[in-house]
Amino acid sequence: MNYQLLYKAANNHEAYFIKGLLNKNLIKSQLLGGNLSIGIGELPVDVVQVNILVPKNKYDESKKIIANYENNLKLNDNLEEWLCEKCENVNPFNFEICWNCNN
Ligand SMILES: [Zn+2]
């Protein structure tokens, strides 16, 4: 089966997390890099990028899963901001109502 590079994870932890996400969607991924790399002896394993590969025919589906994952990351990074449930607009933390739809 042909595999295509989907995503470069920052570390093993992220790679296995994404592999798990893909598994839930019945996509079998392969991980390359991480502790398989040669010559990383002096670096902690978790700072080595891990390439995540998926079968070519599952690539588009996998991309959507990654996009969702990255969106969630962004939301977690900006805890000061909040997402409007009605229009999905992102608001600054000090706004009590959504500036877009007044919800
Ligand atoms: Zn809104």
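Biologist: In what order do the 3 strands of the open sheet stand?

Modeller: In this predicted model, the pairing within the open sheet of 3 strands is antiparallel. Strand 1 (3–9) and strand 2 (30–33) stand at the edges with a single partner strand each, so one side of each is left without a neighbour in the sheet. From one strand to the next the twist averages 30°, and the order of the strands is 1-3-2.

Biologist: How many bridges join strand 1 to strand 3?

Modeller: Strand 1 and strand 3 (residues 50–55) run antiparallel, and within this pair Ala 9 stands opposite Val 50 of strand 3. The number of bridges joining the two strands is 6.

Biologist: What angle does the direction of helix 1 make with that of strand 3?

Modeller: Helix 1 (residues 12–24) packs on the sheet, where it touches strand 1, strand 2 and strand 3. Its direction and that of strand 3 make an angle of about 15°.

Biologist: Which arrangement do the 4 donor atoms around the zinc ion have?

Modeller: The protein donors are the SG atoms of Cys 84, Cys 87, Cys 98 and Cys 101, which lie 2.2 to 2.3 Å from the zinc ion, and their spacing along the chain is C-x2-C-x10-C-x2-C. Ideal angles for four tetrahedral donors are 109.5 degrees. Because the angles subtended here are 103 to 113°, the arrangement is tetrahedral.

Biologist: Is Cys 98 buried or exposed?

Modeller: The cut-off for buried is under 20% relative accessible area. Cys 101, at 25%, is partly exposed, whereas Cys 98 has a relative accessible area of 0% and is therefore buried.

Methods. Residues are numbered from 1 along each chain as its sequence is written. This is a predicted model: local features need pLDDT of at least 70, side-chain atom pairs count only at pLDDT 80 or more; totals for chains, interfaces and linings use all residues. Side-chain values use heavy atoms; hydrogens and water are left out. Donors are N, O and S atoms within 2.8 Å of the metal (3.2 Å for Na, K and Ca); water is not among the atoms, so sites may look incomplete. Four donors count as tetrahedral if all angles lie between 85 and 135 degrees; four count as square planar and six as octahedral if opposite donors are over 155 degrees apart and all others between 65 and 115; anything else is irregular. Buried means under 20% relative accessible area, exposed over 50%, partly exposed in between (1.4 Å probe, protein chains only). Two strands pair if DSSP finds at least two bridges between them. Helices (H or I, at least four residues) and strands (E, at least two) are DSSP runs, numbered from the N terminus. Axes are lines fitted to C-alpha atoms, for helices over the stretch in contact, and angles run from 0 to 180 degrees between N-to-C directions. Contact means heavy atoms within 4.5 Å.
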